[in-house]
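Reader: Could we go through this structure together, beginning with the terms and then turning to particular residues?

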Amino acid sequence: MTRLTMALGLTLFGAQFAQASYEAGKEALDRNDAVAAIEEWQPAAKRGDVNAQVALGKIYEKGAEGINIDLVGAYAWYNLAAAQGNEEADTAIERLKSSMSPEEIQDGEAQSIAALGFWFRNFTGQDEAAFQVAKAAVGERDLQQNDDSAALAEQRAAEQRELIAQRKAEAEAKAKALEESREAAILAAQAQAEEAKRQAALREQQIEEQRMAIAQKDATTDRAEKDAARARLAALMAKQNGSSAVTTTTMPSVPQPKITKIKPAPAPAIKKSVPAQAEQTSSEEMSAKVEPVQPIEPVKENAATDAKPEAVKKAEPVADAKEMTVADAAKPQQMESVAKAEPALTDEKSAALASLKKKGSLNNDAVEQIFEQAKIANLDTPTAQAEIEQSIVRIEALKWSLISGAKGDTAAPKLNKVLMSKMSPVQIAEANRLASEWLIERQSEL
């Protein structure tokens, strides 16, 4: 039986309770006479004295001399005192429940009701039937309170379930939004990668077109140089053999000399080596053997072909001459330029190079190679300056390709090789010098 039954006690106990001699019982306990104390407190407790009820609960809970521990009896008296609002008794009941079985607790409840029935019958002047009616009325109120408590608990449970469902829906919505955001990010990254791939393919196509244009231009230049060399050779052969019919095209009956393609580098006047047989032939002997014929002036291509000495133009026997190429004639000038290459980098350029190599956006190897290649030829000679002025377009093309490679373009090294295969050391050194100066001037922007 629960404490709601004790509500009957709260209805029955009132200001009309007779106060027993609580102090007499306390004096007996002070004399260590627990039996006498119980005899004093028990009648008072049955009449509703809350102090006597708490005192009896303590004696039965802990025991005393001549009194055994009785948890059921202690629970019954604490229960009556707690029903009247005594906090000490309420705390004691919770403490006892942890040490009592359900049957013992039920017995304690029954003893509490019995004590209430005793008080009701003896101090209100009413019989047992009236007590049972009052007890039933309290029971109905207890049942109603139980129903109300159950309804309230069900309402709270429903609210809790609704809250859990709401939180679950919010978590699912958040997870869905996160997944959609992740998918959108993946799609954006894929689109960005495709665009980068397309841009790379477009740059590769542009570079390939530039290569083809340069190759076509080089091929045209090579053909013009070969045609000029063949025309000049035909004129010399005709003059040597006494022929009066000289044309600007290659003579079919004469085997064509081997002409090696060289780097299109303008050069100062180059005197081709003449075979020993031609050197031994005097001008008088040649006049007696062949009739002088004025050679046809070849098409001007560059300074290297136009600067050929007149002595070589007048007579060059080719019947027993060794094969000679224009590249062989250009070698002395290239070697001279390389021999006069610049010394090590100045302190200023060394500092600039070190600063550029610290840039995370640049290819350090490409940058260092630009500064090194700028020293492969002496650019201060008049011959080098003249060559640079005549090749400014090709030098500029190599300069920008070198800068592109230094900035990380992976296709630039291939284009650099194509360009430099057609250029002289002077042209290559000038392009690298211009590229290094550009990098130094723009290093704060890189």
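Author: A definition comes first: buried means under 20% relative accessible area, exposed means over 50%, and partly exposed lies in between, with a 1.4 Å probe and protein chains only. By that measure, Arg394 and Asp218 are both buried.

Reader: Before we continue, what kind of model is this, and how are residues numbered?
Author: This is a predicted model, in which local features need pLDDT of at least 70 and side-chain atom pairs count only at pLDDT 80 or more, while totals for chains, interfaces and linings use all residues. Residues are numbered from 1 along each chain as its sequence is written, and side-chain values use heavy atoms, with hydrogens and water left out.

Reader: How many helices and strands are there?
Author: The protein has 19 helices and zero strands. Both are DSSP runs numbered from the N terminus, helices being H or I with at least four residues and strands being E with at least two.

Reader: What share of the residues is buried?
Author: Of the 446 residues in the protein, 35% are buried. As for contacts (heavy atoms within 4.5 Å), 73% of those between residues at least 6 apart in sequence join residues at least 24 apart.

Reader: Back to Arg394 and Asp218, please. What joins them?
Author: Arg394 and Asp218 form a salt bridge, with the closest N and O atoms 2.6 Å apart. The term requires a side-chain nitrogen of Lys or Arg within 4 Å of a carboxyl oxygen of Asp or Glu. This pair links distant parts of the chain, since Arg394 is in helix α17 and Asp218 in helix α8 (residues 128-241), 176 residues apart.

Reader: How many salt bridges does a search of the whole structure find?
Author: The search finds 13 salt bridges. One of them joins Glu61 and Arg95, whose closest N and O atoms are 3.0 Å apart. Glu61 lies in helix α4 (residues 50-62) and Arg95 in helix α6 (residues 87-97), so this salt bridge ties together parts that are 34 residues apart in sequence. Glu61 is buried at 14% relative accessibility, whereas Arg95 is partly exposed at 42%.

Reader: Which residues form a network through shared salt-bridge partners?
Author: First, a further pair: Glu372 and Lys375 meet in a salt bridge of 3.2 Å, N to O. Glu372 counts as partly exposed at 38% relative accessibility, and Lys375 as buried at 15%. The network you ask about consists of Glu430, Arg433 and Glu437, joined by salt bridges that share partners.

Reader: Which side chain of opposite charge is nearest to Glu109?
Author: That is Lys97, 6.0 Å away; Glu109 is buried yet has no salt bridge. In this count Lys and Arg are positive and Asp and Glu negative, with His and the chain ends not counted. Glu109 lies in helix α7 (residues 102-123), and its side chain makes a polar contact of 2.9 Å with that of Tyr75. A polar contact is a pair of N or O atoms within 3.5 Å; within protein, one must be able to donate a hydrogen and the other to accept it, and residues adjacent in sequence count only if both atoms are side-chain atoms.

Reader: Changing topic, how many aromatic pairs are there?
Author: The structure holds two. Tyr22 and Trp41 are stacked, at 5.6 Å centre to centre and 20 degrees between the planes. Their helices are α2 (residues 22-30) for Tyr22 and α3 (residues 34-46) for Trp41, and the two residues are 19 residues apart. Tyr22 is partly exposed at 24% relative accessible area, and Trp41 is buried at 2%. The rings of Trp400 and Trp438 have centres 5.9 Å apart and planes at 75 degrees, so that pair is edge-to-face.

Reader: And the cut-offs behind those labels?
Author: Rings of Phe, Tyr and Trp (its six-membered ring) pair if their centres lie within 6.5 Å; planes under 30 degrees apart count as stacked, over 60 as edge-to-face and the rest as tilted.

Reader: Lastly, which residues of helix α18 are buried?
Author: In helix α18 (residues 412-420), they are Ala412, Leu415, Asn416, Leu419 and Met420. Seen down the helix axis, they fall within an arc of 125 degrees, so they line one face of α18; the arc is taken over the directions from the helix axis to the C-beta atoms. The face turned away from that buried side carries the exposed residues Lys414 and Lys417.
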